[in-house]
Each structure stands twice: as structure tokens, then as C-alpha cells.
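Me: I am new to this structure. Please take one part of it and go through that part closely, in plain terms.

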Amino acid sequence: MNIENTPLHQFLQDNKLLAEQLDTQALLNAFIDEMQKGLNAEPSSLAMLASHIGIDKDISANKPVIVLDAGGTNLRVCTVVFNDAGVASVENFSAYMMPGIDQELSADQFYDLICDYLEPVITLSDTISFCFSYPTEISENQDGKLLYWTKEVKVPEVVGEYVGAGLLAALAKRGHTDKKITLLNDTVATLLAGKAYGEQRQCDGYVGLILGTGTNTAYVESNSNIGKLAVDSGAQIINIESGNFDQLPLGQIDTLHDQTTSNPGQYLLEKMISGRYLGPTASIAFRQAAQAELFSADARAIVEAAPEFNSAQLSQLLANPFEFNQTVFDGQLSETDLNVLLHIATALRDRAAKITAINVAATALKMGCGKNPLHPVCINADGSTYFKLTGFQNTCEAYLDDILSAQGVHFVVINTDNAPTIGTAIAGVIRS
């Protein structure tokens, strides 16, 4: 069904929901410019946080590392060891509720709970690698100062403190001394998880992408380009905090959705592409379309009264509109009305896919890598939105190919099992 020159097409265009309305080159230039400003400590929507982790060291074989992974509702603990071929073995896995989720804790209570979780494995290694996915400033000794909590964690006394030092002090009180800890972000860990494949494939440059409930990107930057660090040699992984990029064109639906969030005006890119927000944005778009009389009279009332959709329902609509109609609306919508919903959902997905492609392409272009097809850029992608939202992966990678092939850049997109866990373990063993 061709919708050009129809009220539906005009609605999508007026609300800036069409991927074709995004100026690819202008956004690439803006993203790369924001990256460099962040590297130079100039005002920028991209924080460009240093990880102080390079990728040039070999993965130590047969050396176990304790992995902590905190980034949502759960805190996971396990041990990981790599064999001579670089293959990881994950053992002693346990998952616990993230301390501070269900009630506010003091710093001592917070660290005591983590120590309790570590007790079953604490004697198995002197190396602890901690994937700590909250806004954190990483220091040169690879500890991290918590800037603020997100995701409803309530441990105010830890804000502004070095998390690794606090945990080591709590462990020392229990007699566990001489431990070494590395803190890193989950996107940095995802990039590192692609290292084994990238080395075997002889890749030229690495990108880590997470696109699930939220989104972020990491890449490898030459230290000589990081003005705020004044280091001339070597390279390290940079946590871009790409979800906060603020130079995308917003339509009325984006603005209405932004006003419903807890942080209006912030993380605008994330709100246009990630799983936490795509469903609610679609809900607003459907209601706005109803008010614009794009549905039949009966369907308009049904759509306006519908509860807020989530991204799983959006994916179902994209995969099978008839099943969606039956599940959500008891089959009440006509094919004509269902077609309107499908076109809006497709537009939102395609726009998100193109924005993601621009984000990833900008990091590859910033590195200047991948000019030889024998040595492509390795993009390790992780997250439910990227892989489970119907049609997203293929659409995104088609856009990515269009953008990078025009620049003579070759790439491969991979997905490694347990990427944050494996990457976190790699960070521990390459440091030790």
C-alpha cells in the first residue's frame, strides 16, 4: 500500500517520524563533532567517559576472575576462566536483587550485601571485575566514582564515592585482603567481548553497542585525540554515553513523550530508539493519529481508550498485525484501521534503525578504521531491541551498509553470548 500523498503520509511527515527526513551526513558530522568536544572537555551532549582500558593486551589463559554485573534489577556473580584458545568458561553463577532497589540502604549496608553475595566465590580469585552500569567516572587505577544512581537504586551515601575502594574496604574487614578490582561500564564490556572474534578475524577497530531497554555505544580512541587526558601514546575504550545525543530533529510526538519522562530534555536519542520508550512513543502517535481522524469513527474511540503499549506489543504488531489485533483489540479493528497502526509502527522502527546506524557509523568513522575489507571494523551488538524488535536488525544494518560503504568502510556485526559477563572478565584478566 503506497501512502504517498495521503493524510497518513502527511501526518508522519509533519511529526518527523519518517527515516527519510533524517539528514544522514549532517547528523554524522554533528555526532562526530559532539564526540570530539566531549573528548576535549568542551560543552557537549556526549560525556565521552574514559575507561582507562585498552585492547592491545592478550587475554590471560587459565587465570580465573570473579565477575560482578550490576546494571538493573539484579546483581549477578560468577567466575570466568579462559582456556588457551581464548574460550570462556562461566561457573558458580548466582543472581541476587540489586542492593538498594527494594529499600534505601546506607553505604555500609550496600557493601555488606555485596560481600555476602561474593562469599561463595571470594577465595577463588584475587581479581574482581565489576560491570557497574551506572553513571561513573573511571579513574586511572580503574576504580569508579559514582556520579548519580539511576534505575531506582537508593544508596545516597555512595554517590560521589569510589565504588571499588568501598567494596575492597568492606572485604578487608572480613579478612579478604590483597584483592584487585576493575570497574567498567556494560557497553565497554560488550566491546571487549568482541575481542576474541576480532583478533581471529584480524579486525581493524572495535565498537560496542547496547540497544535494549536503554542504549549506549563504546569505541576505541587514540589517547592523542583525548584532549582532557593529555596522554600522547596508546589507545583506550571510550564510553560515549550516546543516548544523550541532543541534535536529532524532534517532532511533536517526541516532545509530548519526552514530557512524560522523569528527565525531560535529556537522553533524547535513547528515547527515540530504545525499548523502554518505543512502546510509549507509539501509544502517543496512535492517539495523535486518532485525533487527526486517520481511523474510522469506531476505531478512533478504541485506539484512544487503549492502555499504553510496550515494545513487545509493538514488535507483535510489526510481526503479525492480525494477531496483534486479536490480542490487544479482540479483533475489533478493520484492515484499513490496522494498516494505519502498522504504518506508524513501521515508521517508528525504521527511524530508530536509521538513528542507530548513524550513531554506530559515526564511531567507526571517528576511528578511521575498516578501509581494507580484510580488516573490517568489529561491531559487537547486544540487547533485546536490536535483536528482537521485528525487522529492526536487518533494517539497521541495511542503513549502516549504505552509510559506511559510501565512505569505503567495511564492517562486521557480531553478537557474543553473555557479552557483558565475558567482556567484564576480559577487563579483569588483561589488567592482571
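Reply: What follows is a close look at helix α4 and its surroundings, with a few other places added for context.

The model is a predicted one. Helix α4 covers residues 163–173. Its partner in packing is helix α3, residues 107–118, and the two axes are 9 Å apart at an angle of about 65 degrees. Angles of 65 to 115 degrees count as roughly perpendicular, and α3 and α4 are therefore described as roughly perpendicular to each other. Their crossing is right-handed.

Ahead of α4 in the chain is a loop that starts from β7 (144–146), and V159 has its place in this loop. V159 is partly exposed, at a relative accessible area of 33%. Together with L147 and Y148, V159 makes a nonpolar surface patch of about 230 Å².

Salt bridges are the next topic. D126 and K179 form a salt bridge in which the closest N and O atoms are 3.2 Å apart. D126 belongs to the loop between α3 and β5 (127–132), while K179 belongs to the loop between α4 and β8 (180–184), so this pair ties together parts that are 53 residues apart in sequence. The two partners differ in cover: D126 is partly exposed, with a relative accessible area of 46%, whereas K179 is buried, with a value of 14%. A network of salt bridges also links D116, E119 and R174. D116 falls within the residue range of α3.

The whole structure contains 11 salt bridges, and two others serve as a comparison with the loop pair. One joins the side chains of E199 and K195, at 2.8 Å from N to O. Both residues lie in helix α6 (residues 195–201), 4 residues apart, about one turn of the helix. E199 is partly exposed, with a relative accessible area of 40%, but K195 counts as buried at 2%.

The other is formed by R351 and D254, whose closest N and O atoms are 2.8 Å apart. R351 lies in helix α13 and D254 in helix α7 (residues 252–259), so this pair ties together parts that are 97 residues apart in sequence. Both R351 and D254 are buried.

Helix α13, residues 335–367, also holds V360. V360 is buried, with a relative accessible area of 2%. The C-alpha atoms of V360 and Q247 are separated by 15 Å, and the two residues are 113 residues apart along the chain.

Conventions
Residues are numbered from 1 along each chain as its sequence is written. This is a predicted model: local features need pLDDT of at least 70, side-chain atom pairs count only at pLDDT 80 or more; totals for chains, interfaces and linings use all residues. Side-chain values use heavy atoms; hydrogens and water are left out. Patches are made of residues with over 30% relative accessible area and no salt bridge: like charges are joined within 9 Å, nonpolar side chains (Val, Leu, Ile, Met, Phe, Trp, Tyr) within 5 Å. Accessible areas come from the Shrake-Rupley method with a 1.4 Å probe; for residues, only the protein chains shown count as cover. A salt bridge is a side-chain nitrogen of Lys or Arg within 4 Å of a carboxyl oxygen of Asp or Glu. Helices (H or I, at least four residues) and strands (E, at least two) are DSSP runs, numbered from the N terminus. Buried means under 20% relative accessible area, exposed over 50%, partly exposed in between (1.4 Å probe, protein chains only). Axes are lines fitted to C-alpha atoms, for helices over the stretch in contact, and angles run from 0 to 180 degrees between N-to-C directions. Angles under 35 degrees count as roughly parallel, over 145 as roughly antiparallel, 65 to 115 as roughly perpendicular and the rest as oblique. A crossing is left-handed if the near helix is turned anticlockwise from the far one by less than a right angle, and right-handed if clockwise.
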